[in-house]
Structure formats: C-alpha cells, structure tokens
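Good morning, and thank you for coming. I would ask you to keep the sequence and the structure in view while I speak.

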Amino acid sequence: MSSTTDRRWLALALLALAQFVVVLDASIVNVALPSIGTALDFSPDNLSWVVNAYTLTFGGFLLLGGRLADLLGRRRLFILGLILFAGASLAGGLAQSDVWLIAARAVQGLGAALLSPAALSLVTELFKEGAERNKAMGVWGAVAGSGGAAGVLLGGMLTEWAGWEWVLFVNVPIGLAAAAIAPRLLPESRNDGHRHFDIAGAVTVTAGLSLLVYSLVNANDAGWTSPETLLLVGIAVVILGAFYVIERRNKAPLVPFPGIFRLRTVRGVNLVGLLVAASLFSMFFFISLYLQQVLGFDALKTGLGYLPLAGGIIVSAGVASVLVTRVGVRPVLVSGMLLTAIGLLWFSQISVGGSYVSDILFPSIISAFGLGFAFVPMTIAAVAGVEPHEAGLASGLINTSQQIGGALGLAVLASIANSRRDSVLETGAALPTAMTEGFQVAITVGAGMAVVGALLAYILVSPRTPVDPDGEVDVVPALT
C-alpha cells in the first residue's frame, strides 16, 4: 500500500471520527435526560428539546453548510465546524438553566451542520465511485449507525461516573484535536465561480421547520385540532412555501428546484432517510426512558445495554458494503428497512414486568442489522453520480433528510406517547404502566414508518445497479 493510499485511509479515519461525534451527540444525552431534567428543572414535555434543539438546527443548516463547503472550501468548513462544535459543547456543559442548555445544543447543531457535509464530500473527493468508495462508505455507514448506540453507552458511563455535564465536555478535546490534525491529512477543495450565500433560503427553511416541530411538540398540550396548533402549522407551511419561492427566483439557490431532485434515486433515498431516522432516533429516546424509568436501570447499566446494538451495526455495515457491490443498492436498502420494522415491532411488545433479554436484547440485534443495511446503501446512492460541484449539496441533502426526520419523528412520536400516557393515567393506572403503554404505541407507529420507507425504497430507488466484471457497482444508471 502506497503512502498516498495510507494517507487517504488516515484521512477517512479522521473524517469518520468527526462524523461519529456528530451522530453520537444526537443520542448521547438520551441516557442523561432524567439527570438533566432534575438538575435544570425541565418539564417532561419540554425535555425532548434537549435532543430536538440539536437535531433541528443541524438539519436546518445542513444545506447551507454543504453549499458553503462547495464555495469556501471543504476542509476550511470542516475545521470551522469542529471549533464551533467544541465551543458550544463547553457552553452546554456549563449550563445553569434549561434555556441555556437548549441554546448551546442549537449552536452545537450549527457546528455539526458545517462540518458534516464537508466531511462526506471530502470522502467522495478521496475515493472514486466503485468498490473502493463502497468500502469507504461502509466505514462511514458503520460510524453513522453505531454513533447513535455508542452515544447512549458513553452517555450512561459519563453520567454515572462523572455527571451529565460530561456528555458535552467530552466533545471539547476531541473536536479541538481533530481541527489541529485536519490540515495535515485533508486536501482542500472548492468550486470556482461566483460565491453567493443563500442566507434567505437558510433562514426560511430553518424557521419553517423549527416552527413545524414546535407546533407538533406543543400539540400534546394544546390539542392536535386546536386553533393554536392549526395556526402554528399554517404559519410553518407559509414560511416553507416562501422558501420554495425564494429558491426558484434565486440565481444561486441553496436548493435548486428541480435541479438535483430530477434524479430518481436521490429523491428516493432522501425520503427513505427521513423515515428511517424518524423511526430509529425515537427508538433510542423511548428505550432509554423505558430502561431507566420502568425497569429501574441506572444510567451506566442502560448504556451497557446498548452494546449489542452498537456491535451489530458495525458488523452489519461491513456486510452491507460488500452486498451493495454485489447486488446493488435497492435490495440491501429494502432489506434494511424491513429488518428495522421487525425490530421495532418487537420493541413495541415491552411490558412493565419485562426483562432486558426478552424485551431489549433480541430486538436490538435485529434493529442493528436493519440500521446497518439501511444507512450504507443510502449514503452510497445519495452521492453516487452527482457532479463534483454538487458534492456538498448532495451530502448536505441526505444529512438534512436524516436529521429533520429524526427531529420530526421524535416530536410526533413523543407527542403520541405522552398523549397515550395521560389517557391511561386518567383511568387510575400506575405511572410505569401508563408510560409503557405510551412507548408501545409510539414505537408501533415508528415501525409503520419503516414499512413505508421499505415501500418507497422499492418504488423509487432504481433497480438498475449492475455489477461490472471488476466487481464495481455502476451506480450512475440508478440515478437517472
């Protein structure tokens, strides 16, 4: 192996580490939520904003982050994002109130939105389409998938041994060290031409999506058909409509319409990415609360309970990268979504008197393979066949779909769970019973989302992904 090849794989390790931390931070706070809620006096219905503030800001600014990476330089934005992410993590760990922590998490999301699309587009620069890129994307998929489970594990260990603040402090040395190493390993690349930053587009899409998620979170208290909820949803739709108009009239839009959306598989994998994130991100939230508040696990034991899930994702992502090279994107992606649905349906059978082995362990393993089989082909298809000058946009788009899907899914499913919990409590049932029934209903709805994702993957992702004699997948026809 040449020194150039060595450097490429070292660069991939650095980029994957940064992405690991970004994904990890969407879930690392889950186990710490009870401690955070007590320390900062959160209300139960607002606690999900510790997660949503990060994922929503992350998703809302990813498209702008991808475009900035294309125009200003992908390595430059990667380093800037790391520094901002580390600084916001420090501020979050020092938080003295709920508003302070939510604001810091939002800034963390902004830093992640700058570095994540830059990192993925740098991977596409380093590894050309074919079997080699599929291997690199297998590493990327393993990192993206296992980061969620590893976040819960690490969150449990840090919360138990050092305090909830350290689920944020841990990012500071990692982020600063990665920023210092990046100039030595990563090439700089950017597009030539006019530099136009679509601030109006970024503001409107973020504002519209933020208001939409807030209206869904608030609907559990205000009522799903109340004037307040309907008004907020209506305003959100108007703002998102304004975003569409701005993009159609802008000479250098954040998201060119129809532009990249003419590509059939790009449309398909982004819709599937939204649905798989909506179902799986919520799973981490509900299962963490179930283990601690129903089964009585402490934070450390809860985190250790996610080890089989994290290990299964790493193994399945490696298997998925090989299968994509041999059989194409669609079969692996559909299989991943169906396995995800099966795992979630099994999770929906949790009970007040349940046990870790019967209620958590086995569905965790199935869900792990579903997640690995879904994330790898999604990531490969999302950037394959895309013009080099749109690499940042394509990278930002798939990350946006996943992050917005996670935020919207958690908002909707948390509202469903809370509504069911309150209804059961009105019958005089004990709190653990009411909470468990709420989790059951919400996870069942999440399984339904995964089934819809499997159907969309089958319908929208092109089956024309032939394997050439050299063992490389020709993914370009699948994008036409």
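Once neighbours within four places in sequence are set aside, Thr57 is in contact with Asn52, Ala106, Gly109, Leu110 and Ala113. Please bear in mind, as we go on, that this is a predicted model. Thr57 itself belongs to helix α3, which covers residues 49–72. Its side chain reaches the backbone oxygen of Ala53, at a distance of 2.7 Å. Is Thr57 buried or exposed? Its relative accessible area is 16%, and because buried means under 20%, Thr57 counts as buried.

Let us turn to charged side chains. Side chains of opposite charge can pair when their charged atoms come close. How many salt bridges does a search of the whole structure find? The search finds three.

I begin with Arg105 and Asp25, whose closest N and O atoms are 3.5 Å apart. Arg105 sits in helix α5, residues 98–126, and Asp25 in helix α1, residues 3–27, so this salt bridge ties together parts that are 80 residues apart in sequence. Both partners are buried: Arg105 has a relative accessible area of 1%, and Asp25 has one of 0%.

The next pair is Glu437 with Arg420, where the salt bridge has an N to O distance of 2.8 Å. Glu437 lies in helix α17, residues 431–460, and Arg420 in helix α16, residues 391–425, so the pair ties together parts that are 17 residues apart in sequence. Here Glu437 is partly exposed, at 25% relative accessibility, and Arg420 is also partly exposed, at 36%.

There remains the salt bridge between the side chains of Asp422 and Arg421, at 3.1 Å from N to O. Asp422 is partly exposed, with a relative accessibility of 29%, whereas Arg421, at 16%, counts as buried.

I should like to add another arginine, Arg8, which lies in helix α1. With a relative accessible area of 16%, Arg8 is buried. Apart from neighbours within four places in sequence, Arg8 is in contact with Leu126, Phe127 and Glu132.

Now consider Leu408, which has its place in helix α16. Leu408 counts as buried, at 18% relative accessibility. Which residues does Leu408 contact, leaving aside its neighbours within four places in sequence? They are Leu212, Val213 and Leu216. Leu408 can also be compared with Ser282: the two are 126 residues apart in sequence, while their C-alpha atoms are 9.6 Å apart in space.

Finally, I come to a pair of helices. Two packed helices are described by the angle between their axes and the distance between the axes. Helix α13, residues 307–327, packs with helix α15, residues 356–383, at an angle of about 35 degrees, and the axes are 7 Å apart. The crossing of α13 past α15 is right-handed. On the α13 side, the residues making the contact include Pro308, Leu309, Gly312 and Ile313. On the α15 side, they include Tyr356, Leu361, Phe369 and Phe373. How do the residues of this contact divide into nonpolar, polar and charged? There are 18 nonpolar residues, six polar ones and no charged ones.

To close, I would invite you to find two places in the display: the buried pair of Arg105 and Asp25, and the right-handed crossing of α13 with α15. Thank you for your attention.

Note on methods
Residues numbered from 1 in each chain as written. Predicted model: local features only at pLDDT ≥ 70, side-chain atom pairs only at ≥ 80, totals over all residues. Heavy atoms only, no water. Axes fitted to C-alpha atoms, helices over the stretch in contact; angles between N-to-C directions. Helix = DSSP H or I, 4+ residues; strand = E, 2+ residues; numbered from the N terminus. Left-handed = near helix turned anticlockwise from the far one by under 90°. Contact = heavy atoms within 4.5 Å. Nonpolar A, V, L, I, M, F, W, Y, C, P; charged D, E, K, R; others polar. Buried < 20%, exposed > 50% of the residue type's maximum accessible area, 1.4 Å probe, protein only. Polar contact = N/O pair within 3.5 Å; in protein donor to acceptor, adjacent residues only side chain to side chain. Salt bridge = Lys/Arg side-chain N within 4 Å of Asp/Glu carboxyl O.
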